[in-house]
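Me: I would like to learn how to read a buried residue and a ligand site in a model such as this one. Could we go through it step by step?

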Amino acid sequence: MSQAIVIAVDGPSGVGKGELTRRLANVLGFDLLDSGAIYRVLGYAVRKAGLALFDEDSVAQEAKLLNLSFECFDDGVHVFLGGEDVSSQIRTEEAGNNASKVAAYPSVRQALLERQRQFLKEPGLVADGRDMGTVVFPRAQVKIFLDASAEVRAQRRCLQLQAKGQKACFEDIVKEIAERDERDRNRPVAPLVPASDALVIDTSAMSIEEVFKAAVDYIVEKTGLKIDL
Ligand code: C5P
């Protein structure tokens, strides 16, 4: 039986899961599964194929055939759809919204379930998403759920966009985040909820360093792993 360890990190959009999971994967020497990127690429593929996001059957068919891969480069992990590097195209607010629409379909989630589980190999996996601890890896040894108010998340997003020299309207971003939260929390399958055995961390008043430290302490407590920082 596989001894691989799963660290499941779930939470709403813009809560800082990406930064935390990258750091954790790095110090642990584990692979990283960015499950949101899979739904984002699917939304992109659906639009590219000229299909309608509201047509569940076509979207599910596209999910089954999705030719997606992740590749490591010096500047980080790039995401490919077939031979096309779609890393920047899938990071827009619109791509996030399209992802949350296709992610609400039960048949789509089913089609992508096994593919996500295949990322698990020894020594372990850090899995970033909405349902990592509840559905995809229900037996994960460590489950962490990050939370923060929509306003705090929108503020962080604005700062990120401004740092990249892009325009950021706080009101629009809060609205988009609230819409996406509503859809993710209220969908009938794999809604965004903490697993009953997850450590919930409200990051609203915490720095990334503090969140990272809290996560590392919890991983050590749950797994007995030695982590060199
Ligand atoms: O995490 P990220 O913002 O990239 O995810 C984009 C969208 O994909 C989310 O708003 C959510 O609707 C969906 N998603 C999901 N389940 C996951 C990961 C992402 O439904 N495990």
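Reply: Let us begin with one residue in this predicted model: Gln 116 is found in helix α5, which spans residues 106-117.

Me: Is Gln 116 buried or exposed?

Reply: A residue is called buried when its relative accessible area is under 20%. Gln 116 has a relative accessibility of 1%, and therefore counts as buried.

Me: Which residues is Gln 116 in contact with, leaving aside its neighbours within four places in sequence?

Reply: With those neighbours set aside, the contacts of Gln 116 are Leu 33, Ser 35, Ile 38, Tyr 39, Met 132, Val 136 and Phe 137.

Me: Turning to the ligand, which residues around the ligand come nearest?

Reply: There are 15 residues around the ligand, and those that come nearest are Arg 40, Arg 109, Arg 180, Asp 184 and Arg 187. By class, the shell holds seven charged residues, four polar ones and four nonpolar ones.

Me: Which polar side-chain atoms lie beside oxygen atoms of the ligand, and at what distance?

Reply: For a polar contact one looks for N or O atoms within 3.5 Å of each other. Here a polar side-chain atom of Arg 109 lies 2.8 Å from a ligand oxygen, one of Arg 130 lies 2.9 Å from a ligand oxygen, and one of Asp 184 lies 2.6 Å from a ligand oxygen.

Me: How much of the ligand's accessible area does the protein cover?

Reply: On its own the ligand has 450 Å² of accessible area, of which the protein covers 95%. Two or more shell residues come from each of α2 (35-48), α4 (93-102) and α8 (170-186), and α2 gives the largest share, four residues.

Terms used:
Residues numbered from 1 in each chain as written. Predicted model: local features only at pLDDT ≥ 70, side-chain atom pairs only at ≥ 80, totals over all residues. Heavy atoms only, no water. Near = heavy atom within 4 Å. Polar contact = N/O pair within 3.5 Å; in protein donor to acceptor, adjacent residues only side chain to side chain. Areas by Shrake-Rupley, 256 points an atom, 1.4 Å probe, with all protein chains shown as cover. Nonpolar A, V, L, I, M, F, W, Y, C, P; charged D, E, K, R; others polar. Buried < 20%, exposed > 50% of the residue type's maximum accessible area, 1.4 Å probe, protein only. Contact = heavy atoms within 4.5 Å.
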